[in-house]
Amino acid sequence: MIYKLETDASEEIVSLSVLKKHLRLDEDDSSEDEILSLYIKSARNYAQSYTGRKYGRQIWRIIIPEFVEKVRFPPFPVTSVNSVKYINQDNNEVILTENSYSFDPDKNEFIFLSGFTSKKITITAAAGIETVKPSVMNAALLLCGIFYENREGISDSSLKEIPFGVKNLLNTDRIL
């Protein structure tokens, strides 16, 4: 199976306004908004990588090279199914109707009903955690603070991880 991100999250796990308050910056000063937005996106990407979850509404495409009866979506919740398509025996792409498959949101699993064969199935769905836990938001703020204070790849000082820092906060949402 191939998982492909079609559209990234349109909203980040923390807003620019909240980050500016966290960093004690003037909210009216927009001179660093571009770099701060990059820090927020980098913090979300780190949190996603560390926890195994996806934050924010994202559009994903799953390509299944041959027919299978069940397909489990990765461990982030599907919020809506946009389309389910397959390649028929004549090599034409056909949209599956909703009565040709079922989706179990508790298991995050698509179940295809019998009656068709396919070389390839493509599912396009919206997925991701839209309500982010405060601990994950706090971890993102801590990461952004680290990025803001340490803008270079090297440092003269010896940095230490703080107790109950980023990883401890993210562990509350981590998939093991």
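Start by selecting Arg-61, which is partly exposed, with a relative accessible area of 30%. Now add Glu-6, also partly exposed, at 34%. The side chains of Glu-6 and Arg-61 meet in a salt bridge, 3.6 Å from N to O. Glu-6 sits in strand β1 and Arg-61 in strand β2, so this pair links distant parts of the chain, 55 residues apart.

Before going on, keep in mind that you're looking at a predicted model. The average pLDDT of the protein is 89, and 93% of the residues score at least 70. Colour by confidence and look at the two ends of the range: among the elements, helix α1 (residues 16–22) has the highest mean pLDDT, 97, and β3 the lowest, 85.

**Stop two: the charged cluster**

Select Asp-8, Glu-12, Lys-41 and Arg-44, which are linked in a network of salt bridges. Take Asp-8 as your anchor; it is partly exposed, with a relative accessible area of 25%. The side chain of Lys-41 meets the side chain of Asp-8 in a salt bridge of 3.0 Å, N to O. Lys-41 belongs to helix α2 and Asp-8 to the loop between β1 and α1, so this contact ties together parts 33 residues apart in sequence. Asp-8 has a salt bridge to Arg-44 as well, at 3.1 Å, N to O. Arg-44 also lies in helix α2, so that pair ties together parts 36 residues apart in sequence.

Is Arg-44 buried or exposed? At 0% relative accessibility, Arg-44 counts as buried, while Lys-41 is partly exposed at 33%. Across the protein, the count comes to nine salt bridges.

**Stop three: the five-stranded sheet**

Switch to cartoon view and find the open sheet of five strands, ordered β1-β2-β8-β4-β5, with antiparallel pairing. Its edge strands are β1 (2–7) and β5, each pairing on one side only. Neighbouring strands here are turned by 25° against each other on average, direction ignored.

Walk across it from β1. Five bridges join β1 to β2 (residues 58–64), and Tyr-3 stands opposite Ile-62 in β2. Further along, β4 (residues 78–87) and β8 (residues 121–127) pair over seven bridges. Then β4 is joined to β5 (residues 93–95) by three bridges.

Click on Lys-85: its bridge partner in β8 is Thr-122, and Lys-85 also stands opposite Ile-95 in β5. Between β4 and β5, which form a hairpin, there are five residues, and Asn-91 in the turn has a positive phi of about 65°.

**Stop four: the three-stranded sheet**

Next, pick out the open sheet in the order β3-β7-β6, again paired antiparallel. Here β3 (70–72) and β6 (101–104) are the edge strands. The average turn between neighbouring strands of this sheet is 15°, direction ignored. β3 pairs with β7 (residues 109–112) over three bridges, and the bridge partner of Val-71 in β7 is Phe-110.

**Last stop: the cores**

Finally, show side chains for the largest nonpolar core, which has 23 residues; Ile-13, Leu-19, Leu-36, Tyr-55, Val-136, Cys-144 and Leu-170 touch the most other members. Two or more residues each come from α2 (33–51), α3 (134–149) and α4 (166–170), and α3 gives the largest share, seven residues.

Which residues does Leu-36 touch, not counting those up to four places away in sequence? They are Leu-16, Leu-19, Lys-20, Leu-23, Leu-25 and Tyr-148. Apart from this core lies another one of 17 residues, including Ile-62, Val-71, Phe-76 and Leu-96.

Technical notes
Residues numbered from 1 in each chain as written. Predicted model: local features only at pLDDT ≥ 70, side-chain atom pairs only at ≥ 80, totals over all residues. Heavy atoms only, no water. Core = buried A, V, L, I, M, F, W, Y, C linked by side-chain atoms within 4.5 Å. Buried < 20%, exposed > 50% of the residue type's maximum accessible area, 1.4 Å probe, protein only. Helix = DSSP H or I, 4+ residues; strand = E, 2+ residues; numbered from the N terminus. Contact = heavy atoms within 4.5 Å. Pairing = 2+ DSSP bridges. Axes fitted to C-alpha atoms, helices over the stretch in contact; angles between N-to-C directions. pLDDT = per-residue confidence, 0-100. Salt bridge = Lys/Arg side-chain N within 4 Å of Asp/Glu carboxyl O.
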